[in-house]
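Okay, everyone, let me put this one up on the screen. I'll walk through it from the fold down to a few side chains.

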Amino acid sequence: MTTTTRSEDANEGTDGLGRAGGLVDGFAIDTDPDRIDVGLVHHWLSTDAFWALGRSRDLVERSMRGSLNFGVYGPDGAQVAYARVVTDRATFAWLCDVYVDPAHRGRGLGVRLATAVRDHLAPYELKRTLLATLDAHELYAKVGFVPVADPTMLMVLSAER
């Protein structure tokens, strides 16, 4: 998989050409926001991602504008997966909206995507990168995520007050 990370800070944590990995089976990961298929990501999230069912196109677009976006692209260039990271690039990041097209699941793309995110964020030396998952604990553990040591220190302000 070619792991390409192109963005306003593409040279950070890469080989200077924006690449963070080598070629394996023709898949590429890219942070170029112009390459993201917004309509496809909206479709995936709003119709198949249990955490985002019914999410409006406007909300997807706004969330993408405020985030670092990762797309996974097949050998034919079509987008096959997505993830976004909300971060200040200094102290904190939140990995969210990780989605792999059902036709491409079972190939390790989720682990590769989470690894690319981790590696892209590494140069920032963030104090904490969080994620929330209902059913993919084993996948994220392969990349180094662990359960929160003291979940009582975390709190949430929910719109569902």
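So, burial to begin with: of the 161 residues in the protein chain, 40% are buried. Keep in mind that this is a predicted model. The chain has four helices and six strands, and if you read along the sequence you get β-β-α-α-β-β-β-α-β-α. How much of the contact map is long range? Take the contacts between residues at least 6 apart in sequence, and 60% of them join residues at least 24 apart.

Let's go to the strands in the middle of that pattern. Strand β3, residues 68-73, pairs with β4 in the antiparallel sense, over six bridges. One place to look is tyrosine 73, whose bridge partner in β4 is glutamine 79. The two strands make a hairpin with five residues between them, and in the turn you'll find glycine 77 with a positive phi of about 90 degrees.

Then β4 turns to its other partner. β4 and β5 run antiparallel too, joined by six bridges, and here tyrosine 82 has tyrosine 99 in β5 as its bridge partner. This hairpin has four residues between the strands, and the residue with a positive phi, near 60 degrees, is arginine 89. So how covered is β4? Mostly: eight of its nine residues are buried.

What about β5? Seven of its nine residues are buried, so β5 is largely enclosed by the rest of the structure. It also pairs with strand β6, residues 128-131, but those two run parallel, with four bridges. If you want a spot to zoom in on there, alanine 93 stands opposite threonine 129 in β6.

Let me stay on the sheet for one glycine. Glycine 71 is found in strand β3. Is it buried or exposed? Its relative accessible area is 0%, so it counts as buried, the cut-off being under 20%. Leaving aside the neighbours within four places in sequence, its contacts are Ala28, Ile29, Asp30, Ile36, Gln79 and Ala81. Gln79, by the way, is the residue we just met as the bridge partner of tyrosine 73. And for a distance across the fold, the C-alpha atoms of glycine 71 and valine 98 are separated by 9.9 Å, with their positions 27 residues apart along the chain.

Now the helix side. Helix α1 covers residues 38-48, and its buried residues are Val41, His42, Trp44, Leu45 and Ser46. Why would buried positions in a helix come with that kind of spacing? An α-helix has 3.6 residues a turn, so residues three or four places apart point the same way. And what covers the buried residues of α1? The list includes α2 (57-65), β4 (79-87) and β5 (92-100).

Next, the pocket, which I guess is what most of you want. The largest pocket holds about 750 Å³ of space. It is lined by 28 residues, and the closest to its centre are Trp51, Val98, Thr133, Asp135 and Tyr140. Which element gives the most to the lining? That's β5, with seven residues. β5, α3 (109-121) and α4 (137-141) each supply at least two.

Two of those central residues turn up again when we look at aromatics. The count of aromatic pairs comes to three. One of them is phenylalanine 50 with tryptophan 51, edge-to-face, 5.2 Å centre to centre and 90 degrees between the planes. Both partners are partly exposed: phenylalanine 50 has a relative accessible area of 46%, and tryptophan 51 has 38%. Another pair is tyrosine 140 with phenylalanine 145: the centres are 5.9 Å apart and the planes are at 80 degrees, so that's edge-to-face as well, over 60 being the cut-off. Tyrosine 140 itself counts as buried, at 8% relative accessibility.

Last thing, charges over rings. The charged end of arginine 35 sits over the ring of tyrosine 73, 3.8 Å from its centre. Tyrosine 99, the bridge partner of tyrosine 82, has an arginine as well: arginine 105 lies over its face, at 5.1 Å from the ring centre.

That's my tour, so over to you.

How values were computed. Residues are numbered from 1 along each chain as its sequence is written. This is a predicted model: local features need pLDDT of at least 70, side-chain atom pairs count only at pLDDT 80 or more; totals for chains, interfaces and linings use all residues. Side-chain values use heavy atoms; hydrogens and water are left out. Buried means under 20% relative accessible area, exposed over 50%, partly exposed in between (1.4 Å probe, protein chains only). Contact means heavy atoms within 4.5 Å. Rings of Phe, Tyr and Trp (its six-membered ring) pair if their centres lie within 6.5 Å; planes under 30 degrees apart count as stacked, over 60 as edge-to-face and the rest as tilted. A charge sits over a ring if NZ of Lys or CZ of Arg is within 6 Å of the ring centre and within 35 degrees of the ring normal. Two strands pair if DSSP finds at least two bridges between them. On a 1 Å grid over the protein atoms alone, a cavity is a set of points where a 1.4 Å probe fits but cannot get out, and a pocket is an open set with protein on both sides within 12 Å along at least five of seven lines; lining residues have an atom within 4 Å of a point. Grid points are joined across faces, edges and corners, and a volume is the space filled by probe spheres set on the points.
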